[in-house]
Amino acid sequence: MTDQSPTAPAGCPAHAGAVPLSGLEYQQTPSQLYRSLRREHGPVAPVLLDGGVPAWLVLGYSEVSYVTAHDELFARDSRRWNQWENIPADWPLMPFVGYQPSVLFTEGAEHQRRAGVITHALEQVDQFELARDCGQIADALISRFAGSGQAELMAAYAHALPMRAAVQMCGMPQLGTDTQDLVDDLRISLDAAEGDDPVAAYVRVGERIAALVKEKRERPGADVTSRMILDPAGLTDEEIVQDLISVIAAAQQPTANWICNTLRLLLTDERFALNVSGGRVSVGEALNEVLWLDTPTQNFIGRWAVRDTQLGGRLIRAGDCVVLGLAAANTDPQIWPESHVGAENAAHLSFSNGEHRCPYPAPLLADVIARTAVETLLDRLPDLVLAVEPAELTWRPSIWMRGLTSLPVRFTPVVH
Ligand code: HEM
């Protein structure tokens, strides 16, 4: 990581005391980073991405709202970027930023068409059935470790549950080996561990989803894939495969970390300790508080300026990269003048906003998945406690996604 990009053109953000938006220094307490950036630079800060690549981090609530509301000025197709000549092929952020022909990178009418299909398909998911399915998935996962009296919940529960829920919602059979292989390959391609081959896993994911689309074209069912196929917008099979992978990937990581960050809050904060197992209200409160204070998608890349423009007193050049500082915006002192961040409402920006926001039914479905995950765990293992001191929990080394490296717990073993 260099402090300044040697290749940065004159007038680019790197020339104004840009701050590296990577490295581990602030990872345990990103709110301090946001505070100091805001103090030094105001609501739009010049930052350096991995490898010293310049970008803008938007920290202000009203500035993030402005960017997301004006997609004619701040657009989503990363091919607009004026830095591509400085980006190596193996750049670590390539999986997030490299153009793919999916809904994520489309703009204008084409985006409305693709996102419309996803929205309609998700709207028809029955939330009661989803809750029932998630309850069953939760029970099956819990049964694997309930007898041992201990578990590492990130791997054994928080990541596995939303992944299974998402593939099931898309019409994969509940317990087949095929489904298990897909779940494993998705995990590897989204979140590779040492020794994994994420590229090979991603190829297998594409093949499996393509086979699913073919099956559902022949025999449609009551699932997201079939509804996308049957939508009058007439998406091609290739488009559906791309967008299904986007839906599953977009569902998995943030929902998993929403579950984990909520469990952490419930298990460590004494405001919740007294009535976790007794009061359902507190689970809802904790879920909402996490979206304000520990939101999974901390920062999101991003948008690219369509032409030269002003934002938060800065001159943004055509093709500049703009990172949405969703977590920073949620704690903007302009909206919390008393410096107390409440969790009374849902006006946070954790699902972003505007044309490309997390498509309307998705936050509701994510809430069903996360709530069922947390409640089922607390119902089944009511004396669940952390197996380490709260201070020993560590956050993953990511400035993009906020979640724990591990969440070890213990409880009275339950034998069936
Ligand atoms: C059932 C679970 C979920 C599904 C199916 C889902 C689906 C999606 C999809 C398809 C997109 C792309 C939208 C587009 O580019 O038009 C998206 C974007 C996004 N989602 Fe979700 N999502 C889920 C859960 C979550 C959760 C739990 C969070 C965070 C708390 C979240 C935060 C976001 C954000 C920040 C974006 C980016 C929006 C932007 O570009 O401005 N999502 N989601």
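Okay, let's start with the shell around the ligand, and keep in mind that this is a predicted model. Three helices each supply at least two residues of that shell: helix 4, at 108–123, helix 11, and helix 15, at 361–380. Which helix gives the largest share? That's helix 11, with 7 residues. There are 28 residues around the ligand, and the ones that come nearest are Ala 250, Ala 251, Pro 254, Ser 352 and Cys 358. By class, the shell divides into 19 nonpolar, 8 polar and 1 charged.

Hold on to Ser 352 for a second. Where does Ser 352 sit? In the loop between helix 14, which is 326–330, and helix 15. Its backbone is worth a look too: phi of Ser 352 is near 60°, so we have a positive value in a residue that isn't glycine. As background, most residues other than glycine have a negative phi, and most peptide bonds are trans.

Speaking of peptide bonds, there's a cis one to point out. The bond from Ile 301 to Gly 302 is cis, with omega near -15°, and Gly 302 is found in strand 6. We'll get back to strand 6.

Now, back to helix 11, residues 237–268, and its packing. In general, you describe two packed helices by the angle between their axes and the distance between the axes. Helix 7, residues 160–169, packs on helix 11 at about 150°, with the axes 8 Å apart. Anything over 145 counts as roughly antiparallel, and therefore that's what helix 7 and helix 11 are to each other. On the helix 7 side, the contact is made by Leu 161, Pro 162, Met 163, Ala 166 and Val 167. On the helix 11 side you've got Ile 248, Ala 251, Gln 252, Thr 255, Ala 256 and Ile 259. That contact has 9 nonpolar residues, 2 polar and no charged. And notice Ala 251: this residue touches helix 7, and it's also among those that come nearest the ligand.

Helix 9, residues 198–218, packs on helix 11 as well, at about 120° with the axes 9 Å apart. That makes helix 9 oblique to helix 11. The crossing is right-handed. Helix 9 brings Val 205, Gly 206, Ile 209, Ala 210 and Val 213, and helix 11 answers with Asp 237, Ile 240, Val 241, Leu 244 and Ile 245. Here the classes come out at 8 nonpolar, 1 polar and 1 charged.

On to the sheets. One is an open sheet of 6 strands, in the order 1-2-3-9-6-4, with mixed pairing. Strand 1, at 19–20, and strand 4, at 74–75, are at the edges with a single partner strand each, so one side of each has no neighbour in the sheet. Inside that order, strand 3, residues 53–58, and strand 9, residues 321–324, run parallel and are joined by 3 bridges. Val 58 stands opposite Leu 324 there. Helix 2, residues 61–69, lies across several of these strands, including strand 6, and runs at about 120° to strand 9.

The other sheet I'll mention is an open one of 3 strands, 5-11-10, with antiparallel pairing. Strand 5, at 150–152, and strand 10, at 385–386, are its edges. Strand 10 pairs with strand 11, residues 408–410, over 2 bridges, and Val 385 has Arg 410 as its bridge partner.

Methods:
Residues are numbered from 1 along each chain as its sequence is written. This is a predicted model: local features need pLDDT of at least 70, side-chain atom pairs count only at pLDDT 80 or more; totals for chains, interfaces and linings use all residues. Axes are lines fitted to C-alpha atoms, for helices over the stretch in contact, and angles run from 0 to 180 degrees between N-to-C directions. Helices (H or I, at least four residues) and strands (E, at least two) are DSSP runs, numbered from the N terminus. Angles under 35 degrees count as roughly parallel, over 145 as roughly antiparallel, 65 to 115 as roughly perpendicular and the rest as oblique. Two residues are in contact if their C-beta atoms, placed from the backbone, lie within 7 Å. Ala, Val, Leu, Ile, Met, Phe, Trp, Tyr, Cys and Pro count as nonpolar, Asp, Glu, Lys and Arg as charged, and the others, Gly among them, as polar. A residue is near a molecule or strand if its C-beta atom, placed from the backbone, lies within 6 Å of it. Two strands pair if DSSP finds at least two bridges between them. A crossing is left-handed if the near helix is turned anticlockwise from the far one by less than a right angle, and right-handed if clockwise.
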